[in-house]
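Work through the following exercises with the sequence and the model open side by side. Each task is followed by a solution that goes step by step.

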Amino acid sequence: TRARAAFEKEAAGWGAAEACYWLARARMKAGDFAGAKEAAEAALGYASDFKDVRYRLLPEIEKKLGGN
């Protein structure tokens, strides 16, 4: 999306993983599980060692998506 592109341009490397984490959480709360997965995977793209995303958030999202 345009908003994501603008964000990546302005915030590359500065809290980007955390922002994607919170975006994933917000999307989950809104029921947008596919969007949440996209944001969580983006968080891992910025910080592959983000344990809360890898071991807690993504499994939670995938459970909601039915194991996709």
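## Exercise 1: Salt bridges and exposure

Arginine 56 is exposed, with a relative accessible area of 54%. Starting from this residue in a predicted model, identify the salt-bridge partner of arginine 56 and state how the two are placed in helix α4.

Solution. The partner is aspartate 52, and the closest N and O atoms of this salt bridge are 3.3 Å apart. Both residues belong to helix α4, and because they are four residues apart, about one helical turn separates them. Aspartate 52 has a relative accessibility of 22% and therefore counts as partly exposed, since the buried class ends at 20% and the exposed class begins over 50%.

## Exercise 2: Bridges between helices

The count of salt bridges comes to three; find the partners of glutamate 60 and of lysine 37, and say which helices they join.

Solution. Begin with glutamate 60, which forms a salt bridge with arginine 25 at a closest N to O distance of 3.4 Å. Because glutamate 60 lies in helix α4 and arginine 25 in helix α2, this pair ties together parts that are 35 residues apart in sequence. Glutamate 60 is partly exposed at 30% relative accessibility, and arginine 25 is partly exposed at 23%.

Turn next to lysine 37, which forms a salt bridge with glutamate 62, with the closest N and O atoms 3.9 Å apart. This pair links distant parts of the chain, lysine 37 being in helix α3 and glutamate 62 in helix α4, 25 residues apart. Lysine 37 is buried, with a relative accessible area of 17%, whereas glutamate 62 is partly exposed at 30%.

## Exercise 3: The geometry and packing of α4

Compare the expected span of helix α4 with the distance between its end C-alpha atoms, then locate its bend and its buried residues.

Solution. Helix α4 covers residues 51-64, and at 1.5 Å a residue its 14 residues should span 20 Å; the end C-alpha atoms are 19 Å apart, which agrees. The helix bends by about 35° at leucine 57, and proline 59 follows within four residues. The buried residues of α4 are Val53, Leu57, Leu58 and Ile61, and they pack against α2 (16-29) and α3 (33-46). Just after α4, glycine 66 takes a positive phi of about 85°.

## Exercise 4: The whole chain

What is the order of elements in the protein chain, and what percentage of its 68 residues is buried?

Solution. The chain holds four helices and zero strands, running α-α-α-α from the N terminus on. Buried residues make up 31% of the 68 residues.

Methods
Residues are numbered from 1 along each chain as its sequence is written. This is a predicted model: local features need pLDDT of at least 70, side-chain atom pairs count only at pLDDT 80 or more; totals for chains, interfaces and linings use all residues. Side-chain values use heavy atoms; hydrogens and water are left out. The expected span of a helix is 1.5 Å times one less than its number of residues. The bend at a residue is the angle between axes fitted to the seven residues ending there and the seven starting there. Buried means under 20% relative accessible area, exposed over 50%, partly exposed in between (1.4 Å probe, protein chains only). Contact means heavy atoms within 4.5 Å. A salt bridge is a side-chain nitrogen of Lys or Arg within 4 Å of a carboxyl oxygen of Asp or Glu.
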